[in-house]
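Work through the exercises below with the sequence and coordinates open. Each task is followed by a solution in steps.

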Amino acid sequence: MADDVSRIALDGEITIYRAADLKTTVLDALRKTRVLEIDLSGVTELDTAGLQVLMLAKQTAAADQRELRLLQHSPAVVEIFEMLDLVAFFGDAVLIHA
Amino acid sequence: MSAANDANVVTYGSSAIVALQSGAALPSQFLTFMLGEEQYAVGILHIKEIIEYGSLATVPMMPDCVRGVINLRGAVVPVMDLSARFGRAQSTIGKRSCIVIVETEAGDGESKQVLGMLVDAVNAVVEIAAADIEPAPSFGTRIRPDFIAGMGKHNGRFVILLEIGRVLSSEEIVEMARGSAAVA
Amino acid sequence: MNLDEALQTFIAESRELLEEMENALLNVDLAGDQSEAINAIFRAAHTIKGSSGLFSLDHIVAFTHVVESLLDKVRDGSITLNDEMVVLLLSCCDYLSGMVDGLAAGQLEQDPDTAPEGEMLQQQLRRHMDGDAAPAAAAIPALHAEPSVERIDTERGDSDYWHISLRFGRVVLQNGMDPIAFLRYLAKLGRIVGIATVPDAIPPAEEMDAELCYLGFEIAFDSTADREAIAGVFEFVQEDCEIRIIPPHSKVSEYVNLIRALPEQAARLGEILVRCGSVTQQELDGALHQQSHKEEDAPAQQLGSILVGAGNVPPVVVEAALAKQKQVSEQKAQESRSIRVDSDKLDKLIDLVGELIIAGARANMIGQHIQNTELLECTSTLTGLVEDVRDAALELRMVKIGATFNRFQRVVHDVARELGKDIGLIVDGEDSELDKTVVEKIGDPLMHLVRNAMDHGIEPAEVRVAAGKSAKGMIKLNAFHESGSIVIEVSDDGGGLRKEKILAKAVERGLVDPERKLTDSEIYNLIFEAGFSTAEKITNLSGRGVGMDVVKRNIQALRGSVDVSSREGQGTTVTVRLPLTLAIIDGFLVQVGSSVFVVPLDMIEECIEYATEPGQDYTNLRGQVLPLVRLREQFRIGGTATRRESIVVLKFGNHRAGMVVDTLLGEFQTVIKPLSPMFSEVKCISGSTILGSGEVALILDVAALMHTVGGKGAVAQAA
């Protein structure tokens, strides 16, 4: 497979209310490509359920020999990632906004 | 014999005395039935039901007073021939023969046992007040004195009230069976 | 659940736990690696303490607490388990059993009669805890690193921080809670120095439910708040969440305990602890240098005694983790595999199945009677299904004999000590299943057989050695299925039965005619006759009261049989044979006069036409003499025989006989209905049943029948 990279964006509240749908969306997107990039600039809120979906996606990608990249982390996302020390887990460069 | 000379003073048979002393009420209702020409009665507290004489399976090596066993709604229940139990010949089965199903306490006092008594005919349930019950005579009746709980006066005649626990005592039956088996 | 029910469950569970505890104590002696056993023992005591606390059973709580404290010290290696302690703990087990029994009898408080014993046991427990009774922690083999690494530790570790371990429950999110919110709140009480998110529980994508919570967290927390305040942060999720809090400067053991308690892999956990900062890599590495030969004055154990390493097998942690993992997975497997069922409910089910069988038989009969093929087809299907239900229901009544066998470990252990003999117990065939009623009733007879073997079978050590045997005697319990029965063998490698002695004693007691020539087998089986005992010295155990004849009768009451074989100098084997089920029997109906009898199908070899010379009591079966039993005569049934009688050839063990009956009625599966005790003297009848027609048929006791015949004349030995 060529290095096909797809990108999707997650916007708004990435929380338990949408967790089930998010899981389906993200995993489907992941399945169709070798590298999936998720643009998180529009995320206004992230809770444990939302976080879990991202972590699941990361684990699934690793298991399927695909790649998951998170980018343009919004402040909401950054706060959570730093509080839970998850930057290393996801391995993406996080731009700290001024 | 009876010491009921004074209407207010009555003496009771031994089991009646025990019952009174223990505070238990004597049953006042009795089922009367026939064995041959004689009428007997049993307190209704023990009686569960009365069924027609039906097919009965004989059990070998048992004394004559145990007629056999029947199927009572899925339970195998022994049936006693009272006539034989009283030392007479086995009952002849007639049109009115029935089996009276009773429940008594087993010898160990803990469990209950269900038994059937084969009688020649069942009469009515009658009311006999405690005052009308006199102790068993020490002689003169043709059955064992310990089988008799008392003599009930009804309609001007005496009815033998049976001490059902004794009559249907399985310990005695077992003893008898042991004896007859040894003879084999 | 009302209190009574809860209490009953507590009693049942405590009994199970005490049994586990006892088994573990007995097995501790055998294995080199004790940690699994010790954990099992600790867990049992700990659980009983907790549960009895719920019921405010203070006397049980108090006693168990002392036991638990001792076990805790054993667990962290401060004290080593020795034989004396095992015996003491076994006594504590018994004492607790007594308290639970008292509870079952309605006694909710300490029984003043047994209080002194409890006091004494507690004193002994404390003595061991203070190290007076324990031997010095001498050189421990390097393999068993646990006690060496974690020693009596009065000094604290280096960490200034609290360690909080969180494993959120699955339904936390659905209950409206957000773990992240709790962490934010926690951060208000202090500073989260280090945190590791543990996503290990997230299952593969297909299985993952996005609305459940699979996350855990390990947190190093810097705070001056006290433990209560910290725990209070999680007040609203404490029911759904596993929360463990370790104060700053805690001992090594606390962290090892934490690792033990958590579900993830030990090495992974070590890694996580380092990540979140509760432990430093240096400390971890440093711990590798701890070796077993250091004595009590070794440098104070730091936090970093937790061994983690790529390639370095960390004995403590891996051992603990493995032991723990095994426990967890075993427990989980057991929990999901079985449920507790009220035995009354089971009995009711069996009764109903029995009624179903009878009703089905009736329907079948009617179908045949009115010759309706459609109906017959239906009843045939019905009968097939009813048979399946019957088999499934009977399966429910089957329990493994393993539990019964394992109880004997304790008996053998105690009795061997009492007798001053070294005796071991081997158990085989624990998975063999039998009817639960049989299991309940076979325990006592088996117990007696085992004690007998230990007392009279196994010789004293000197005698054994002189005879060239090992000093340690062996008792073996073996169970297996054989042609519709379950066979249990109790064998020993002792001195065997002495033929001449037995024969002499039997003759002396008038049990046999001195002129009669008996086979070896017959001589050995004389020990089951009433009034027989050749033990010179009647010991406490087997000589008095209960004799082998009672054992035999108990077994026969279960419709079983018992046999004994022996080789002098080598040992003895007692073989007990029991039917697989007491409730339902496959039978064959025969008729004599107007009476119908049921013969157990597995006792029948074949049926043949009746042919014999008048006056003869035997017939010719393919060249062999077959003695006859005329049922009509035997049971004194009146009337005359039918013109063409039949013979049912019965086989029981090694004996054959032909039973003469009027008519053969065919196979019939029946539900056994016990007969009133009134009929207990009728030996040849073992029970009754109800036929499809509603009539009662009596079940023949073939063994007893053969016996009565055997008494009169020779019974043919099977070829």
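**Exercise 1.** How many salt bridges are there between chain C and chain A? Identify the residues, then describe the surroundings.

Solution.
1. The model is predicted, and side-chain atom pairs enter the count only at pLDDT 80 or more.
2. Between chain C and chain A the count is one salt bridge.
3. The partners are Glu79(A) and Arg184(C), whose closest N and O atoms are 2.9 Å apart. The cut-off is 4 Å between a side-chain nitrogen of Lys or Arg and a carboxyl oxygen of Asp or Glu, so this pair qualifies.
4. On the chain C side of this contact, α7 (179-187) and β2 (191-198) each supply at least two residues. The most comes from α7(C), with four residues.
5. By class, the side of chain C that touches chain A holds 17 nonpolar, two polar and five charged residues.

**Exercise 2.** Give the extent of the contact between chain C and chain A: which residue counts, what buried area and how many polar contacts?

Solution.
1. Chain C contributes 24 residues to the contact and chain A contributes 23 residues.
2. About 2,000 Å² is buried between the two chains, with 65% of it on carbon and sulfur atoms.
3. Eight residue pairs are in polar contact between chain C and chain A, both residues of each being at pLDDT 80 or more.

**Exercise 3.** Repeat the analysis for chain B and chain C, and state what chain B supplies.

Solution.
1. Here 24 residues of chain B meet 21 residues of chain C.
2. The buried area is about 1,900 Å², and carbon and sulfur atoms give 71% of it.
3. Within chain B, the residues losing the most area to chain C are Pro60(B), Met61(B) and Val76(B), which together make up 28% of what that side buries.
4. The salt bridge count between chain B and chain C is zero, and two residue pairs are in polar contact (both at pLDDT 80 or more).
5. Elements of chain B giving two or more residues to this side are β4 (66-72), β5 (75-81) and α4 (170-183). The largest share, six residues, is from α4(B).
6. The side of chain B that touches chain C comprises 16 nonpolar, seven polar and one charged residues.

**Exercise 4.** Describe helix α2 of chain C: what is its span, and which of its residues are buried?

Solution.
1. Helix α2(C) covers residues 35-54, which makes 20 residues.
2. From first to last C-alpha the helix reaches 28 Å, close to the 28 Å expected at 1.5 Å a residue.
3. Buried residues of α2(C) include Ile38(C), Ile41(C), Phe42(C), Ala45(C), Ile48(C), Lys49(C) and Ser52(C).
4. To read such a list, recall that an α-helix has 3.6 residues a turn, so residues three or four places apart point the same way.
5. Just after α2(C), Ser56(C) has a positive phi of about 55 degrees.

**Exercise 5.** Is Thr404(C) buried or exposed? Place the residue in chain C as a whole.

Solution.
1. Thr404(C) is part of helix α15 (residues 402-419) of chain C.
2. The relative accessibility of Thr404(C) is 2%, so Thr404(C) counts as buried.
3. Leaving out residues up to four places away in sequence, Thr404(C) touches Val439(C) and Gly443(C).
4. For the chain as a whole, 47% of the 719 residues of chain C count as buried.
5. Chain C has 22 helices and 22 strands. Of its contacts between residues at least 6 apart in sequence, 70% join residues at least 24 apart.

Conventions: Residues numbered from 1 in each chain as written. Chains lettered and ligands numbered in written order. Heavy atoms only, no water. Contact = heavy atoms within 4.5 Å. Buried area = accessible area lost by both parts, 1.4 Å probe. Polar contact = N/O pair within 3.5 Å; in protein donor to acceptor, adjacent residues only side chain to side chain. Nonpolar A, V, L, I, M, F, W, Y, C, P; charged D, E, K, R; others polar. Expected span 1.5 Å × (residues − 1). Buried < 20%, exposed > 50% of the residue type's maximum accessible area, 1.4 Å probe, protein only.
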